[in-house]
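Me: Could you take a close look at one spot in this model for me, and then walk me through what sits around it? Plain talk is fine.

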Amino acid sequence: MSEPKCPDCGVRGIDHIVSAESAERSKHKSPWFHVIHCNECGHVYNTIAKDVFVRNRGTQVILPERKRDA
């Protein structure tokens, strides 16, 4: 299996891909998201939402489990 390589600085290895919590916080002091980045140059690979706020969920439909024939 090959090692991941940073597209900006070229450093190789999974050890250089790290995450950090955002400075922005919820009212409960939980970070809003995590930033996945290179610890050498700071290249951002992705952001992952920590808290998701949903205004209106709408109607929820719950379907019964379907039994399969054995």
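Reply: Let's start with Ser 22, which is buried at a relative accessible area of 4%; buried means under 20% relative accessible area, exposed over 50%, and partly exposed in between, using a 1.4 Å probe and protein chains only. Before going on, keep in mind that this is a predicted model, where local features need pLDDT of at least 70, side-chain atom pairs count only at pLDDT 80 or more, and totals for chains, interfaces and linings use all residues. Residues are numbered from 1 along each chain as its sequence is written, and side-chain values use heavy atoms, with hydrogens and water left out.

Where is Ser 22 placed? It lies in the loop between strand 1 (17-21) and strand 2 (33-38); strands here are DSSP runs of E, at least two residues, numbered from the N terminus. Leaving aside neighbours within four places in sequence, Ser 22 is in contact with Pro 31, Trp 32 and Phe 33, contact meaning heavy atoms within 4.5 Å. With Trp 32 there is a finer detail: a polar atom of the Ser 22 side chain lies 3.3 Å from the backbone nitrogen of Trp 32.

Trp 32 and Phe 33 also turn up from another direction. Ala 49, in strand 3 (residues 44-49), touches both Trp 32 and Phe 33, not counting residues up to four places away in sequence. Unlike buried Ser 22, Ala 49 counts as exposed, at 53% relative accessibility. The C-alpha atoms of Ala 49 and Pro 31 are separated by 8.8 Å, with the two residues 18 apart along the chain.

Now back to the stretch around the serine. Glu 21 and Arg 25 meet through their side chains in a salt bridge (3.1 Å, N to O); the term needs a side-chain nitrogen of Lys or Arg within 4 Å of a carboxyl oxygen of Asp or Glu. A search of the whole structure finds 1 salt bridge. Both partners are partly exposed, Arg 25 at 35% and Glu 21 at 45%.

And the cysteines? Counting a disulfide as a pair of cysteine sulfur atoms within 2.5 Å, the total comes to 0 disulfides. Cys 6 is in none, and its nearest cysteine sulfur, that of Cys 41, is 3.6 Å away. That spacing is too far for a bond, so Cys 41 isn't bonded to Cys 6. Cys 6 is buried, with a relative accessible area of 2%, whereas Cys 41 is partly exposed at 38%.

Methods
Helices (H or I, at least four residues) and strands (E, at least two) are DSSP runs, numbered from the N terminus. A polar contact is a pair of N or O atoms within 3.5 Å; within protein, one must be able to donate a hydrogen and the other to accept it, and residues adjacent in sequence count only if both atoms are side-chain atoms.
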